[in-house]
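Colleague: I should like to go through this model with you, one side chain and one element at a time. May we begin with the aromatic residues and then turn to charges, polar contacts and a helix?

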Amino acid sequence: MTARNGRVKTVKLMAAAFVLLLATSASAGSLWVQPYGSYGTYAMGDLNRAVADYNSNFGASLDKMNAGPAYGIAFGRDFEHKAGSIGFALERLDGSSSLSHGDYSIDVNVPAYVVRLFLKGDAPWLETETFTLAVGGSLGIISTNSDVNWRYYHVEPGDPEPTITDISESGDFSSSGAYFDWFVSGEKRLGERLVAVLDLGIRANTLSSKQLEGDAIGGRYSSDYAGLLARLGLRYKFGR
């Protein structure tokens, strides 16, 4: 999937989200916005194998990527009668690793961007005056901007001029695919319009891998964000 096709699908998904929100506006409750931060584990199987191969070949200690932070913002609307909510969210997942060792340096960057639709259903039998438990799930698009850059730079003193060796390799393994998550959500009311929200769950994606060529970076790479997640946000309600 090309980057352009990924952007087109993202725009279509956002349009669908707005349509769903508008379609439910007549019979729904308050509209809200919720900035949030998150932390989760990553699978990154192909990428971490490539990192292990690099460490073995060059005697390096480049860190594997097994977890990382994320941040985003969600927009939604509650259903009436405390039945749940519907909405969409924009999110950035972070991941990077870099190392300089001797004359060598390497940087691996795997940021990802997610647009997701979500639906949550409340569990009214577990609700109190200030707390609500819900279960939910998301469906969306994930797009990565992933690359690896390696450089060998060595200066050998000489007369009359030093000898400089400067070799670099780089590769791009960006991709786009489907995004899914499932979660349990706890909502603690802090006031008439403020709600603290904690989501605990798992996520999955369908990102593809890519074979990169090179003496230093050659191997198969992919950005796989499947794993556990924890999201903590603060919701502000605009309506009643």
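**Aromatic pairs, charges and a helix**

Colleague: What is the relative accessibility of Tyr 104?
Modeller: This is a predicted model, in which local features need pLDDT of at least 70 and side-chain atom pairs count only at pLDDT 80 or more, whereas totals for chains, interfaces and linings use all residues. Residues are numbered from 1 along each chain as its sequence is written, and side-chain values use heavy atoms, with hydrogens and water left out. Buried means under 20% relative accessible area and exposed over 50%, with partly exposed in between (1.4 Å probe, protein chains only). Tyr 104 counts as partly exposed, because its relative accessibility is 27%.

Colleague: How many aromatic pairs are there?
Modeller: Rings of Phe, Tyr and Trp (its six-membered ring) pair if their centres lie within 6.5 Å; planes under 30 degrees apart count as stacked, over 60 as edge-to-face and the rest as tilted. By this rule, the number of aromatic pairs is eleven.

Colleague: Which residue forms a tilted aromatic pair with Tyr 104?
Modeller: The two ring centres are 6.0 Å apart, with 35° between the planes, so the pair is tilted. Tyr 104 lies in strand β5 and its partner in strand β8, so the pair ties together parts 46 residues apart in sequence; strands (E, at least two residues) and helices (H or I, at least four) are DSSP runs numbered from the N terminus. The partner is buried, with a relative accessible area of 7%. That partner is Trp 150.

Colleague: Which residue of strand β9 meets Arg 151 in a salt bridge?
Modeller: A salt bridge is a side-chain nitrogen of Lys or Arg within 4 Å of a carboxyl oxygen of Asp or Glu, and here the N to O distance is 2.8 Å. Arg 151 lies in strand β8 and the partner in strand β9 (residues 163-172), so the pair ties together parts 15 residues apart in sequence. Arg 151 is partly exposed at 37%, and the partner is also partly exposed, at 43%. The residue is Asp 166.

Colleague: Which side chain of opposite charge is nearest to Arg 203?
Modeller: Arg 203, in strand β11 (residues 194-205), is buried yet has no salt bridge. Its side chain reaches the backbone oxygen of Tyr 225 at 2.8 Å, a polar contact (N or O atoms within 3.5 Å, one able to donate a hydrogen and the other to accept it; residues adjacent in sequence count only if both atoms are side-chain atoms). Lys and Arg count as positive and Asp and Glu as negative, while His and the chain ends are not counted. The nearest side chain of opposite charge, 4.5 Å away, is that of Glu 91.

Colleague: How far from the backbone nitrogen of Ala 226 is the side chain of Asn 205?
Modeller: Asn 205 also lies in strand β11 and is buried, with a relative accessible area of 15%. A polar atom of its side chain lies 2.9 Å from the backbone nitrogen of Tyr 225. The side chain of Asn 205 reaches the backbone nitrogen of Ala 226 at 3.3 Å.

Colleague: How far apart are the end C-alpha atoms of helix α2?
Modeller: The expected span of a helix is 1.5 Å times one less than its number of residues. Helix α2 (residues 45-58) has 14 residues, so the expected span agrees with the distance found between its end C-alpha atoms, 20 Å.
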